[in-house]
Amino acid sequence: MTATSAPAHDAAPTTPVKYAPIRRGFFDYFVVFFVAFLLLSNISATKLVEVGPLTFDGGAVLFPLTYIIGDVLSEVYGFKAAKRAIFMGFVVSFMASLTFWLVITLPAHPDYTSQAAFEEVLGVVWRFVVASLAGYLAGQLLNAKVLTYIKDRWGEKHMWARLIGSTVVGEFADTLIFCVIAWVGVMSWGVIFNLTVVGFIYKVAVEVVFLPLTYLVINLIKKYEPNYGVVNS
């Protein structure tokens with residue numbers, strides 16, 4: 001019995017097959033959660049919530065977690081890496097708003113009966129989009145810059161000070177910019193002041209409450225991140 005040769009299509013390729021390697025580390029995972037929390041917060045922010053004398057938008061439920069993840073990114077990976085994640089979040093948020101606007105604009109199928117509800121929840125008000133993106137970009141960049149600035153001067157010690165200090169600066173800028181752009185001319189100055197103060201205090205309080213967990217996560221990442229200490233910023 002004679003051996004048959006393999007079909008031509010089973011022959012090994014004449015040129016090597018190439019793939020891009022996946023870089024080791026946890027950075028990509030944090031970026032995914034960072035962007036996901038940002039998108040969910042932007043959608044939730046369309047609802048105003050009133051709890052007793054306090055008024056805040058629904059985005060306040062998850063949005064503070066983006067600052068906690070932002071702290072992890074800045075503390076472990078430096079300002080340049082954090083800035084890359086921040087701009088990725090900015091682009092994805094803008095694309096989400098553009099997609100919602102486009103889908104709402106397209107004519108609905110006659111059997112689709114939820115057009116009004118869809119528009120009510122996901123309808124794009126470009127003023128709020130600008131307010132959200134401007135506040136987010138300024139707040140997150142300030143948060144990352146302040147944290148890395150303090151770390152560059154104090155080193156690894158006093159991490160609690162840079163975590164809280166950067167959040168205070170970043171959240172204040174974010175909340176103030178958003179509330180002014182989004183609500184001036186729509187709400188009274190008293191309501192705007194309430195939204196700004198309550199939102200700011202709440203977001204900073206979340207950072208303080210989660211500080212032990214943030215410490216734990218950062219220390220674990222520093223211990224097991226294979227790239228930690230390879231670059232200075």
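**Close-up views of the predicted model**

E156 counts as partly exposed, at 45% relative accessibility. Here, partly exposed falls between buried (under 20% relative accessible area) and exposed (over 50%), with a 1.4 Å probe and protein chains only. The model is predicted: local features need pLDDT of at least 70 and side-chain atom pairs pLDDT 80 or more, while totals for chains, interfaces and linings use all residues. Residues are numbered from 1 along each chain as its sequence is written, and side-chain values use heavy atoms, without hydrogens or water.

**View 1. E156 meets K222 in a salt bridge.** The closest approach, N to O, is 2.6 Å. A salt bridge is a Lys or Arg side-chain nitrogen within 4 Å of an Asp or Glu carboxyl oxygen. E156 sits in the loop between α4 and α5, and K222 in helix α7, so the contact ties together parts 66 residues apart in sequence. Helices (H or I, at least four residues) and strands (E, at least two) are DSSP runs numbered from the N terminus. K222 is buried, with a relative accessible area of 15%.

**View 2. E75 takes part in salt bridges with K151 and R162.** In the K151 pair, the closest N and O atoms are 3.3 Å apart. K151 belongs to helix α4 and E75 to helix α2, so the pair ties together parts 76 residues apart in sequence. In the R162 pair, the closest N and O atoms are 2.6 Å apart. That pair links distant parts of the chain: R162 is in helix α5 and E75 in helix α2, 87 residues apart. Is E75 buried or exposed? E75 is buried, at 1% relative accessibility. R162 is buried as well. K151 is also buried, with a relative accessible area of 15%.

**View 3. E75, K151, E156, R162 and K222 are linked in a network of salt bridges.** The salt-bridge count for the model comes to 5. Among the network residues, E75 and R162 are both buried. E156, by contrast, is partly exposed.

**View 4. Strands β1 and β2 form a hairpin.** β1 covers residues 48-51 and β2 covers residues 54-57. The strands run antiparallel and are joined by 4 bridges. Two strands pair if DSSP finds at least two bridges between them. V51 stands opposite L54 in β2. E50 stands opposite T55 in β2. The hairpin has 2 residues between its strands. G52 is in that turn, with a positive phi of about 65 degrees. G52 is exposed, at 53% relative accessibility.

**View 5. From the hairpin to other parts of the chain, C-alpha to C-alpha.** G52, in the loop between β1 and β2, is 30 Å from I69 in space. Those two residues are 17 apart in sequence. T55 is separated from P212 by 28 Å between C-alpha atoms. These residues are 157 apart along the chain. P212 lies in helix α7. P212 is exposed, with a relative accessible area of 57%.

**View 6. H158 has a positive phi.** What is its value? Phi of H158 is near 55 degrees, in a residue other than glycine. H158 lies in the loop between α4 and α5 (159-183). H158 is partly exposed, with a relative accessible area of 40%.

**View 7. A nonpolar patch lies on the surface.** F26, Y29, V209, F210, L213, L216, L220 and Y224 form it. Together they have about 810 Å² of accessible area (Shrake-Rupley, 1.4 Å probe; for residues, only the protein chains shown count as cover). Patch residues have over 30% relative accessible area and no salt bridge; like charges are joined within 9 Å, nonpolar side chains (Val, Leu, Ile, Met, Phe, Trp, Tyr) within 5 Å. Which helix gives the most to the nonpolar patch? Helix α7 (residues 211-224) does, with 4 residues. V209 is in helix α6 (residues 189-209). V209 is exposed, with a relative accessible area of 63%.

**View 8. K80, K83, K145 and R153 form a positive surface patch.** Lys and Arg count as positive, Asp and Glu as negative; His and chain ends are not counted. Charges are placed at Lys NZ, Arg CZ, Asp CG or Glu CD. α2 (63-105) and α4 (126-154) each supply at least two of the patch residues. K80 is found in helix α2. K80 is exposed, at 61% relative accessibility.
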